[in-house]
Amino acid sequence: MPAGLRAILLGAGLCLAAPAIASAQGAPVQPPLAVLLVDSDRLFRESAFGQRVIQEQQADIAILSTENRNLAAELTEEEQRLTEQRASMSPADFRKVADAFDARVTEIRRLQDQKEFEIAQRTEAARLEFIGSLVPVWDAMLRQSGAQVILDKRSALYGLPALDVTDTAIQTVNTLIGDGASDAGEEDALPSE
């Protein structure tokens, strides 16, 4: 083997062995992670921002549920009264009253469904706002870790547990964004793992 080739191979071997040598000497060497994984659903659910949105959604749903129960009770009473009046009314008159009642029930149902849809829309809009506000979080995490990309954990077939930085992402979101109701934190602050 030529001396030049032997020197190149020896140098390459030393470069490959350097982390093991450094580790054996007590200085752990951890290369920067090129890819980070985040569970985006958990990030939303467990962040202060997501918890605020979920609490608001639950409060809106509770109000709507109470409204629906009250309306159902009112409509049941009204239906009972109509049933009692049926015997004293002509079939044509009863049909008019029954049709008006059915139209009212249909309209109430439509309005309540619209309210439920609006709650879902507000929640989705808040989730999109959350996603849009994550740029400083991702920037801070990439700078600190030396990684080049952050992927949603669901899009990775498999990853080492060390690549999952969801806990750090939650802390960083809480520091940089807070609950989203007001600007919180400093952009360059990043909690330690």
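1. Of the contacts in this chain between residues with a separation of 6 or more, 76% are made by residues that stand 24 or more positions apart. This is a predicted model, and the points below should be read as a description of that model.

2. The chain contains six helices and two strands, and when these elements are read along the sequence they give the pattern α-β-α-α-α-α-β-α. Of the 193 residues in the chain, 22% are buried. The accessible surface comes to about 13,100 Å², and carbon and sulfur atoms account for 57% of that surface.

3. Helix H5, which covers residues 135-145, has Val137, Ala140 and Met141 as its buried residues. When one looks down the axis of H5, these buried residues fall within an arc of 95 degrees, so they line one face of the helix. As for their partners, the buried residues of H5 pack against strand E1 (35-38), and also against E2 and H6. Just after H5 comes glycine 146, whose phi is positive, at about 80 degrees.

4. Where in the chain does glutamine 112 lie? Glutamine 112 belongs to helix H4, which spans residues 91-132. Glutamine 112 counts as buried because its relative accessible area is 8%, whereas the cut-off for a buried residue is under 20%. Leaving aside residues up to four places away in sequence, glutamine 112 touches Leu64, Glu67, Asn68 and Leu71. With one of these residues, glutamate 67, there is also a polar contact of 3.1 Å, which joins the side chains of glutamine 112 and glutamate 67.

5. Is leucine 157 buried or exposed? Leucine 157 is exposed, because its relative accessible area is 90% and a residue is called exposed when that value is over 50%. Leucine 157 is located in the loop between strand E2 (149-152) and helix H6 (166-176). Together with Tyr158 and Leu160, Leu157 makes a nonpolar surface patch of about 470 Å².

6. A student may find it useful to set the two residues discussed above side by side, since glutamine 112 is buried at a relative accessible area of 8%, while leucine 157 is exposed at 90%. Their settings can be listed in the same way, with glutamine 112 in helix H4 and leucine 157 in a loop that runs between E2 and H6. Those two elements, E2 and H6, appear again in the description of H5, as its buried residues pack against both of them as well as against E1.

Definitions and conventions
Residues are numbered from 1 along each chain as its sequence is written. This is a predicted model: local features need pLDDT of at least 70, side-chain atom pairs count only at pLDDT 80 or more; totals for chains, interfaces and linings use all residues. Side-chain values use heavy atoms; hydrogens and water are left out. Helices (H or I, at least four residues) and strands (E, at least two) are DSSP runs, numbered from the N terminus. Buried means under 20% relative accessible area, exposed over 50%, partly exposed in between (1.4 Å probe, protein chains only). A polar contact is a pair of N or O atoms within 3.5 Å; within protein, one must be able to donate a hydrogen and the other to accept it, and residues adjacent in sequence count only if both atoms are side-chain atoms. Contact means heavy atoms within 4.5 Å. Patches are made of residues with over 30% relative accessible area and no salt bridge: like charges are joined within 9 Å, nonpolar side chains (Val, Leu, Ile, Met, Phe, Trp, Tyr) within 5 Å. Accessible areas come from the Shrake-Rupley method with a 1.4 Å probe; for residues, only the protein chains shown count as cover. A salt bridge is a side-chain nitrogen of Lys or Arg within 4 Å of a carboxyl oxygen of Asp or Glu. The arc is that of the directions from the helix axis to the C-beta atoms.
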